[in-house]
Amino acid sequence: MKRVLRSFKYVYLGLMLLFLYLPIVYLIVFSFNDFTSVSGRQAYSSIGTWKGFTLANYGAVFTDRSAGPAIVLTIEIALISSLAATIIGTAAAIGINSMRKRTRTAVLSVSQLPMVNPDLVTGITFMMLFAFVSSLLGINVGDFARLLIAHISFSIPYVIFSVLPRLKQSSDMLYEAALDLGCSPIQALLKAVIPDIMPGITSGFIMALTMSLDDFVVSYFIAKEQQTLSVHIYSSFRHGVNPAIATILFVPLVAMLLIVNLRRIAKEREYEIQNKKVKMK
Amino acid sequence: MKRKYFAYPYIVWMILFIAVPMIFIFYYAFNVDGRWTTERFVQTIANGDYWIVLLKSVEIAFITTAICLLLAYPIAYILSNMKKSVAAFISVLFFVPMWMNFVLRTYAWYAILEFAFPKLLGVKLLTNSTSNTIAVLVVMVYDFLPFMVLPLYNTLSKLDRSLLEASRDLGANGVTTFFRVVLPLSVPGIVSGITMVFIPAITAFTVTAMIGHGKPNLYGNVIEKQFKSTSGGFATGSTLAIILLICVMVSTLIMNHFDKDKEGGSIL
């Protein structure tokens, strides 16, 4: 009886994982499918029937007139916005950490807004902001700048909230000690504080990067002509999208996240084992 | 130089790009073509059609959340009872799809339902509103399931094992222990899971737009249409967004009432 119950547990977990990963695997598999139809055109809506292995779909991504630029734009926005968000967010976290309690609570609760706000609301508020700026003030903000501003804004809180816990763990004395030893405040930060909170900064950067790559709704509302990858897929899915367009960026992203997380767990485990050994001694 | 100055660039940014944009919802709700008026606001609120759509969205979001909870609780429970090291590895597999693009995941389902199934089975699946609704629900559950597993797992794995042993020692069987000890203690996880699924589910418009050919028409779809394809839709759209924000605020308040420990959190 017990054995049946236990195997039932694994079956259930397996079924749920199948449910979660099957559609993704399906896209990956068919991104290697030959979609050339009788007329010689690529018929992506014939997804589901296997006609032979090819790498042509991946080549086609870059020659596609809108998919190619969409990929480049997505990567550019993701890298620049997450870098900017990491810098602004880390500085902010250091500042916030040394604030008095009341100011800190106020700043932090406003910072949570972009995290709790539905994407839809963030998207339309930015859309209206840019519409207002262009109609009443006469300044037309280009798509690239719009995307950058919006992506930085919704990423910063994630950086702040991953750096802050690290700062709380790190001692205030560190900064003071560096000052006493003759560092200027900037030097003290760069040489003592920043290295100490580096893991928090790194995970903040990765969060910002995934937030930016993951975004569809905000980009969809604010960009007028240029398309990010997800907006491109959304605007052309009806007649079938080259599955390689869908997998080329997101599958490596998910793979990266899996590896980062698994390694983190492996490290923690090693650490735990070491701790146990120390205790036993 | 004081360290708190480092936060100033961010505070300026926050005011310009987080606080100010929020004001525009109210600006455009009451300012139509440069003139202040409550006419459009009242008109929108008095329109029963929008309320029907909102009700439908709440219904769909509610069903989605309920199914997610029913599917995710056993996952989290099983994981929390496994050996720590094994559970950590398997749980990552459940969380990672969270970071995968919504549009992409939804497109995968579109390709399955619209292109693959008809060819394999010889019948079109999405032909009437019932089948559309079912398909939309399946894909919504698919999209949101990891968001439910994460907080539940976080709460359940931190549960004090000695409490379970105590319950057993005092003569309760497994079922009683679950309902009298485990379930009440996991309420914070349940609450933050519900928040993480219910609110995004009310506003989701991509799933219905892609899977159900715009049906069932949900609140998110209505707002999207006002902003993207109706000229001068800002006023109506903003009013609808205000109603949405009120709904979000109310549900957050209700959830906060239950979730006093602020459990949940995130990976990475």
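Buried means under 20% relative accessible area, and I wrote that cut-off at the top of the page before looking anything up in this predicted model.

**Entry 1: A:Ser111**

I began with A:Ser111, which I found in helix α4 of chain A, a helix that covers residues 101–111. Is A:Ser111 buried or exposed? Its relative accessible area is 0%, so A:Ser111 is buried. I then listed its contacts, leaving aside the neighbours within four places in sequence, and noted A:Pro157 and A:Phe161 from chain A together with B:Tyr10 and B:Met14 from chain B. I also looked up A:Phe154, which is 43 residues from A:Ser111 in sequence, and the C-alpha atoms of the two are 9.4 Å apart in space.

**Entry 2: A:Thr122**

Next I turned to A:Thr122, which lies in helix α6 of chain A, residues 119–136. A:Thr122 counts as buried because its relative accessibility is 10%, and the limit for that word is under 20%. With the neighbours within four places in sequence left aside, I noted contacts of A:Thr122 with A:Asn117 and A:Val218.

**Entry 3: A:Asp214**

I then looked up A:Asp214 and placed it in helix α9 of chain A, which covers residues 185–214. The relative accessibility of A:Asp214 is 17%, and therefore this residue counts as buried. Which residues does A:Asp214 touch, once its neighbours within four places in sequence are left aside? I wrote down B:Met98, B:Trp99, B:Met100, B:Asn101 and B:Phe102. Within chain A, I checked A:Thr74, which stands 140 residues from A:Asp214 along the chain, and I noted a separation of 9.9 Å between their C-alpha atoms.

**Entry 4: where chain A meets chain B**

Having met residues of chain B in two of these lists, I looked up the contact between the chains as a whole. Chain A puts 90 residues into this contact, and chain B puts in 75 residues. The size of an interface is often given as the accessible area lost when the parts come together. For chain A and chain B, I noted a buried area of about 7900 Å², with carbon and sulfur atoms giving 79% of it. How many salt bridges are there between chain A and chain B? The count I wrote down is 0.

**Entry 5: chain B**

I went on to chain B by itself, in which I counted 12 helices and 2 strands. Reading along the sequence, I noted one helix, then the two strands, and after them a run of helices to the end of the pattern. Chain B has 268 residues, and buried residues make up 57% of them. Its C-alpha atoms fill a box of roughly 70 × 70 × 35 Å along the principal axes. Of the contacts in chain B between residues at least 6 apart in sequence, 74% join residues at least 24 apart.

**Entry 6: the second largest pocket**

Last, I looked at empty space, which shows up when a probe the size of a water molecule is rolled over the atoms. The second largest pocket holds about 990 Å³ of space. Its lining has 23 residues, and those closest to the centre are A:Leu5, A:Lys9, B:Tyr77, B:Asn81 and B:Arg168. Which helix gives the largest share of this lining? I found that α1 of chain A does, with 8 residues, while α3, α7 and α8 of chain B are among the helices that each supply at least two residues. By kind, I noted 14 nonpolar, 3 polar and 6 charged residues in the lining.

Key. Residues are numbered from 1 along each chain as its sequence is written. Chains are lettered from A and ligands numbered from 1 in the order in which they are written. This is a predicted model: local features need pLDDT of at least 70, side-chain atom pairs count only at pLDDT 80 or more; totals for chains, interfaces and linings use all residues. Side-chain values use heavy atoms; hydrogens and water are left out. On a 1 Å grid over the protein atoms alone, a cavity is a set of points where a 1.4 Å probe fits but cannot get out, and a pocket is an open set with protein on both sides within 12 Å along at least five of seven lines; lining residues have an atom within 4 Å of a point. Grid points are joined across faces, edges and corners, and a volume is the space filled by probe spheres set on the points. Helices (H or I, at least four residues) and strands (E, at least two) are DSSP runs, numbered from the N terminus. Ala, Val, Leu, Ile, Met, Phe, Trp, Tyr, Cys and Pro count as nonpolar, Asp, Glu, Lys and Arg as charged, and the others, Gly among them, as polar. Buried means under 20% relative accessible area, exposed over 50%, partly exposed in between (1.4 Å probe, protein chains only). Contact means heavy atoms within 4.5 Å. Buried area is the accessible area (1.4 Å probe) that two parts lose on being put together, summed over both. A salt bridge is a side-chain nitrogen of Lys or Arg within 4 Å of a carboxyl oxygen of Asp or Glu.
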